[in-house]
Amino acid sequence: EEEEACAERVSDLFVRLSEDEMFRVRKACAENIVEISKAAPLHLRTDKFGPAMLKILRDNSKLGRHAALQHLGPFISTLVPIDDADFDDFGNFGDGAPSLPSALTTELVAHFVSATSNSDAGGDDAADADLRIHCAFSFPAVALAVGRHGWGLLRECHAALTRDVANAVRRCVACSLHVCARILGGEATERELAGAFEKLVQDESEDVRIGVVRNLANFLMILPPEVRARYTSLPREIFDGASQMNWRLRNHLAQQLEGLIALRDVGGVACVLAPLAFSLLDDAVSEVRESAAAAIPSLLRTLREPPPAAAGDGGATGSAARAALQEAVGRLGDL
């Protein structure tokens with residue numbers, strides 16, 4: 001009871017400070033509301049801190065509104081408790097996704113979405129871009145808070161961030177695609193994120209492409225098998241399209257090999273991933289070679305499996321698997 005009474009007093013004090021006549025005080029409240037909300041009971045987050053945040057978002061001070069928008073995504077994530085029980089055995093978010101109270105959902109998420117086209121910075125392009133970076137960085141937390149059934153509130157926001165002119169914004173989106181996929185699930189991921197995935201993996205910025213590649217296996221794992229099959233040749237295309245100077249992209253691709261091998265049958269591994277692994281083992285950069293070498297045990301285990309009886313290729317799959325297995329074994333002697 002004492003803790004509850006203390007929390008009530010602190011929340012009441014915070015609400016008064018959030019309405020202070022000095023804009024710097026109100027701005028400071030916006031900058032600290034996330035940590036205070038984390039420490040408060042859930043009912044105070046929604047009853048006290050939520051309305052206080054809404055007031056600061058409508059503040060007559062541009063700096064106050066800007067600070068509130070910067071911290072809005074992390075704040076929304078504190079309003080819905082998430083634990084491991086909300087995820088299934090494969091790490092995907094369950095159907096019973098929690099949702100915010102309707103008023104807070106509508107207003108707070110609407111303000112969050114506005115950050116992607118915010119003109120509140122008085123024509124300051126740098127400030128506008130900064131807001132979009134904050135929005136992109138915290139997007140997965142907001143998506144997790146509203147759940148897969150609330151994705152419609154964020155759909156246009158995600159699309160706008162995906163085509164943003166700033167590389168830093170697109171890189172944030174690229175790095176979090178697999179997280180959004182876990183929230184949405186397989187079929188919804190195909191419908192909502194496949195287009196963004198295909199766009200970002202071919203982005204003109206190598207930093208953005210790295211953001212996709214470093215979680216490539218995790219994203220593809222969420223897709224239904226028939227959809228995943230469309231991207232069979234993608235790892236090789238990424239390798240062939242990489243600049244010789246960009247060894248980090250090749251290294252991230254090499255680190256994905258083990259996960260990608262687990263997603264393919266022996267035919268796909270023998271015909272696509274094994275040749276890619278051998279190319280990475282020949283890379284001029286030692287770190288890339290080391291990352292590729294770590295996938296050799298998984299490669300050997302898969303290539304030793306008999307090809308499916310219904311392959312229908314006249315034994316070509318089995319021949320390719322045997323040839324790849326023989327080369328992989330030979331490579332072990334060179335490591």
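Here is a quick tour of a kinked helix, a buried arginine and a cavity. This is a predicted model, where local features need pLDDT of at least 70, side-chain atom pairs count only at pLDDT 80 or more, and totals for chains, interfaces and linings use all residues. Residues are numbered from 1 along each chain as its sequence is written, and side-chain values use heavy atoms, leaving out hydrogens and water.

**Helix H16 and the core**
- Helix H16 covers residues 266-281 and has a kink of about 40° at leucine 273, shortly before proline 275; the bend is the angle between axes fitted to the seven residues ending at a residue and the seven starting there.
- Helices here are DSSP runs (H or I, at least four residues), numbered from the N terminus.
- In H16, 13 of the 16 residues are buried (under 20% relative accessible area, 1.4 Å probe, protein chains only).
- The largest nonpolar core has 99 residues, and Leu108 and Leu299 have the most contacts inside it; such a core is a set of buried Ala, Val, Leu, Ile, Met, Phe, Trp, Tyr and Cys residues joined through side-chain atoms within 4.5 Å.
- H16 gives the most to this core, with eleven residues.

**Arginine 170**
- Arginine 170 sits in helix H8, residues 167-184.
- Despite its polar side chain, arginine 170 is buried, at 5% relative accessible area.
- A polar atom of that side chain lies 2.8 Å from the backbone oxygen of aspartate 164.

**The lining of a cavity**
- Ala174, Leu177 and His178 are among the residues lining the largest cavity.
- H8 gives the most to this lining, with three residues.

How values were computed: Helix = DSSP H or I, 4+ residues; strand = E, 2+ residues; numbered from the N terminus. Buried < 20%, exposed > 50% of the residue type's maximum accessible area, 1.4 Å probe, protein only. Polar contact = N/O pair within 3.5 Å; in protein donor to acceptor, adjacent residues only side chain to side chain. 1 Å grid on protein atoms, 1.4 Å probe; cavity = no way out; pocket = protein on both sides within 12 Å on 5 of 7 lines; lining within 4 Å.
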